[in-house]
Amino acid sequence: MPAVVVSNGGDAPHFEGKITIYVILCVIISAFGGLMFGYDIGISGGVTSMDDFLMAFFPEVYERKQHVHEDNYCKYDNEFLQLFTSSLYIAALVASFVASRVCTVLGRKPTMQTASIFFIIGVALQAGGTNILMLVFGRIILGFGVGFANQAVPLFLSELAPARMRGALNICFQLFITIGILIAGIINYFTSDVHPHGWRISLGLAGVPALFLLFGSLTICETPTSLIAHGKNEEGKAILVKIRGTHNVDPEYESIVAACEAARMVKDPFKKLMKPSSRPPLVIAILLQIFQQFTGINAIMFYAPVLFQTVGFGSSASLLSTVITGLVNVLSTGVSIYAVDRAGRKVLLLESCVQMFITQMVIGVILMIDLKPTGALKEKEAWVVVILVCVYVMAFAWSWGPLGWLIPSETFPLETRTAGFAFAVSSNMLCTFIIAQAFLSMLCHMKAGIFFFFAGWILIMGLFALFFIPETKGIPIDSMVEIWKQHWFWKRFMTEDEYDKIRP
Ligand code: BGC
């Protein structure tokens, strides 16, 4: 493969580099961290509705479920069970801050390895669970695994990738999340017929991606940035030569060394994060993740099986909805991998808002007019709704899904990168938790209005993307500060701060 000079456009520095086989290997192995996360998202709902699982651990829930009357909007819901499922997100929220420290002190690679170990222990406790304590404890340890993986993998990918292809390589994390969700849905469908231990198979198989990550990570490198930050300059440069596939790495090496020197002057990254100069990436990182969850993606995916049932697929509805929405999710993430470094981040964010807004509004109107609490939609309308759900998932999958992870991982300067990214991870976990806890009762009270609620959020996030998110395509990760200095709004935070003293 010939070496290519990276072209970033604008004033951003140009570094030479190509995509080597070794980089591809590192990307695939680390992205297994995303698969662990996606698998858990996809497996939990199904397992906690399996009768064998409920009879073993939540007998009262099982009893009540047998006698409860459900309508189209007010599904049976048990807060305790839901709290159990989402305890993972609270554990991950806390863990992401610990992981940010581990990421800085030990490096990105050991943080990913720790994630896989947490995950394996958590999986063993859950799959082999004989009492509720083991189950809850297992779930919390899994949460630690998710917190550590989601903290380290996107940062690892963004630091490893050449600027020209950073978007595409980073989005492999999201691609693996979507693959995990799809595989989990298919596995659940089959294990729900395996009595009485099908749920153990579902939970136990989560160990497979974790083992891949653990053993695979023995073959991957630490990022050059992390090595140089630890004073291992020679090793960092050698890795840079290896991953860029060229000996002409001096300009990039110098820029990383400069970033590391600046970072060394910052003793307390969290204190630095509270300074005005950190506000642009911090506000954007937190809001991107809040907005990502308030697109309603997890609520829609959760609701999809009901819609498919309404179309008349009967008992195969849940499998079909999982496979159809899951495939749309995976394939559309592929679109994002293709487009993110060509069209840029902003175009994807804005286009998807239009697509998601229209689909949510139309779904809301159809359901409001035609779906009464009891009874079903007419077949033709139900089909329209299913197609709209797919168009909605498509838009999410090539925009706010992957970019919610990509942009926060590429916009912080080195001195606040791990600490800042912990805020992104924890915001994701908090909002996922809130939506998971609130969605069913919101649906019961707001009925079809819930789709207008999410559409309202989509309007707000579209405006935010339009005015406040600068384009970061092609800009080297350690030169990102320039985009804030040139932005019409954020530039006001980039003066009168000790920042300029340490970095001209
Ligand atoms: C989100 C998850 C979501 C998934 C769907 C991720 O980026 O963080 O909450 O379930 O995308 O593909």
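Select helix H5 (residues 108–127) and helix H9 (residues 207–216) in this predicted model. Their axes come within 9 Å and cross at roughly 150°. An angle over 145 degrees counts as roughly antiparallel, and H5 and H9 are therefore roughly antiparallel to each other. The crossing of H5 and H9 is left-handed.

Now show the side chains where H5 and H9 touch. From H5, pick Met-112, Gln-113, Ser-116, Ile-117, Phe-119, Ile-120 and Val-123. From H9, pick Gly-207, Ala-210, Leu-211, Leu-213 and Leu-214. Coloured by type, the residues of this contact divide into nine nonpolar and three polar, with no charged residue.

Keep H9 on screen and add helix H1 (residues 21–47). The axes of H1 and H9 are 8 Å apart, and the two helices pack at an angle of about 155°. That angle makes H1 roughly antiparallel to H9. The crossing of H1 and H9 is left-handed. On the H1 side, select Ile-29, Ser-30, Phe-32, Gly-33, Leu-35 and Met-36. They meet Pro-209, Ala-210, Phe-212, Leu-213 and Gly-216 in H9. The contact of H1 with H9 has eight nonpolar residues, three polar and no charged. Ala-210 and Leu-213 of H9 are worth labelling: they take part in the contact with H5, and they also meet residues of H1.

Hide H1 and H9, return to H5, and add helix H4 (residues 79–105). H4 and H5 pack at about 155°, with their axes 10 Å apart. That makes H4 roughly antiparallel to H5. Which hand does the crossing of H4 and H5 have, left or right? This crossing is right-handed. Select Phe-84, Ala-99, Val-102, Cys-103 and Thr-104 in H4; they meet Arg-108, Thr-111 and Gln-126 in H5. In this contact of H4 with H5, four residues are nonpolar, three are polar and one is charged.

Next, go to the ligand. Which residues surround the ligand? They are Ile-41, Gln-174, Thr-178, Ile-181, Gln-292, Gln-293, Asn-298, Asn-329, Phe-396, Gly-401, Trp-405 and Asn-428. One of these, Ile-41, has a number that falls in H1 (residues 21–47).

Three of the surrounding side chains can be checked with the distance tool. Start at Gln-174, where a polar side-chain atom lies 2.7 Å from an oxygen atom of the ligand. Move to Gln-292: a polar side-chain atom there lies 2.9 Å from a ligand oxygen atom. Then take Asn-329, which has a polar side-chain atom 3.0 Å from an oxygen atom of the ligand.

The last two stops are in loops, and they concern the backbone. Most residues other than glycine have a negative phi, and most peptide bonds are trans.

Select His-195 and Pro-196. A cis peptide bond joins them, with omega about -5°. Pro-196 lies in the loop between helix H7 (166–191) and helix H8 (198–204).

Finally, select Lys-447, in the loop between helix H20 (414–446) and helix H21 (449–468). What is its phi near? Phi of Lys-447 is near 50°, a positive value in a residue other than glycine.

Notes. Residues are numbered from 1 along each chain as its sequence is written. This is a predicted model: local features need pLDDT of at least 70, side-chain atom pairs count only at pLDDT 80 or more; totals for chains, interfaces and linings use all residues. Side-chain values use heavy atoms; hydrogens and water are left out. Axes are lines fitted to C-alpha atoms, for helices over the stretch in contact, and angles run from 0 to 180 degrees between N-to-C directions. Helices (H or I, at least four residues) and strands (E, at least two) are DSSP runs, numbered from the N terminus. Angles under 35 degrees count as roughly parallel, over 145 as roughly antiparallel, 65 to 115 as roughly perpendicular and the rest as oblique. A crossing is left-handed if the near helix is turned anticlockwise from the far one by less than a right angle, and right-handed if clockwise. Contact means heavy atoms within 4.5 Å. Ala, Val, Leu, Ile, Met, Phe, Trp, Tyr, Cys and Pro count as nonpolar, Asp, Glu, Lys and Arg as charged, and the others, Gly among them, as polar. A residue is near a molecule or strand if one of its heavy atoms lies within 4 Å of it. A polar contact is a pair of N or O atoms within 3.5 Å; within protein, one must be able to donate a hydrogen and the other to accept it, and residues adjacent in sequence count only if both atoms are side-chain atoms.
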